[in-house]
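Please walk through this fold, going from strand to strand and then to the helices and the pocket. The sequence and structure come first, and the explanation follows.

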Amino acid sequence: MKFEISTPLGFTVRTSEEYWQRLIVKHPDIEDLEKLIELALAAPDEVRRSSRDAEVLLFYRARREERWVVAVAQRLNGDGFLITAYQTDAIKEGETVWLK
């Protein structure tokens, strides 16, 4: 297990070392941001529901002004898992589920 993080929404999000390695191949810019991604899940600035998939949640954490890391997770049968993570300069549309 790479990490297992409790979210403020009452469920845990986890990912394996193997999945993390695949993720950083796709998004090499997040390799050194693992702790910030964990923080995005544990203490996000904002959580939004994906406008494309109501089951998917986007956990935003400010990195610096106008720059966020996003941890994208899905909850299935009570268990949460990381789908992807990336950096962005804009918060996507979608219903706000949680605000800091």
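In this predicted model, strand β3 (residues 46-49) pairs with β4 in the antiparallel sense, over 4 bridges. The connection between β3 and β4 is a hairpin of 6 residues. On its other side β3 runs antiparallel to β7, and 3 bridges join these two strands. Val47 illustrates both pairings: Phe59 stands opposite Val47 in β4, and Trp98 stands opposite Val47 in β7.

From β4 (residues 56-64) the chain goes on to β5, and these strands pair in the antiparallel sense over 8 bridges. Within this pairing, Arg61 has Val69 of β5 as its bridge partner. The hairpin of β4 and β5 has 2 residues between the strands, and Glu66 takes a positive phi near 60 degrees there. The next pairing is that of β5 with strand β6 (residues 79-88), again antiparallel, over 9 bridges. Here Leu76 has Asp79 of β6 as its bridge partner. This hairpin also leaves 2 residues between its strands, and Asn77 in the turn has a positive phi of about 55 degrees.

How enclosed is strand β5? Of the 10 residues in β5 (residues 67-76), 7 are buried, so the strand is largely enclosed by the rest of the structure. Burial here means a relative accessible area under 20%.

The pairings can now be put together. There are 7 strands in an open sheet of mixed pairing, and their order is β1-β2-β6-β5-β4-β3-β7. At the edges are β1 and β7 (96-99), each of which pairs on one side only. From one strand to the next, the twist averages 30 degrees. At the β1 end, β1 and β2 run antiparallel and are joined by 4 bridges; Phe3 has Thr15 of β2 as its bridge partner.

Helix α1 (residues 17-26) packs on the sheet, where it touches β1, β2 and β6, and its direction makes about 25 degrees with that of β6. Helix α2 (residues 34-42) lies across β1, β2, β4, β5 and β6 and runs at about 30 degrees to β1.

Which residues of α2 are buried? They are Glu34, Ile37, Glu38, Ala40 and Leu41. These residues cover an arc of only 155 degrees around the axis, so they are on the same side of α2. An α-helix has 3.6 residues a turn, so residues three or four places apart point the same way. The partners against which the buried residues of α2 pack are β1, β2, α1, β4, β5 and β6.

One loop residue shows a link between these parts. Thr7 lies in the loop between β1 (3-6) and β2 (12-15). With a relative accessible area of 9%, Thr7 falls in the buried class, because that class covers values under 20%. Leaving aside neighbours within four places in sequence, Thr7 is in contact with Val13, Leu41 and Phe59. Of these contacts, Leu41 is one of the buried residues of α2, while Phe59 is the β4 residue opposite Val47.

The last feature is the largest pocket, which holds about 170 Å³ of space. Its lining is made up of Ser50, Ser51, Arg52, Val56, Leu58, Val72, Thr84, Tyr86, Lys92 and Glu93. The elements that give two or more residues to this lining are β4 and β6.

Note on methods: Residues are numbered from 1 along each chain as its sequence is written. This is a predicted model: local features need pLDDT of at least 70, side-chain atom pairs count only at pLDDT 80 or more; totals for chains, interfaces and linings use all residues. Side-chain values use heavy atoms; hydrogens and water are left out. Buried means under 20% relative accessible area, exposed over 50%, partly exposed in between (1.4 Å probe, protein chains only). Two strands pair if DSSP finds at least two bridges between them. Contact means heavy atoms within 4.5 Å. Axes are lines fitted to C-alpha atoms, for helices over the stretch in contact, and angles run from 0 to 180 degrees between N-to-C directions. The arc is that of the directions from the helix axis to the C-beta atoms. On a 1 Å grid over the protein atoms alone, a cavity is a set of points where a 1.4 Å probe fits but cannot get out, and a pocket is an open set with protein on both sides within 12 Å along at least five of seven lines; lining residues have an atom within 4 Å of a point. Grid points are joined across faces, edges and corners, and a volume is the space filled by probe spheres set on the points.
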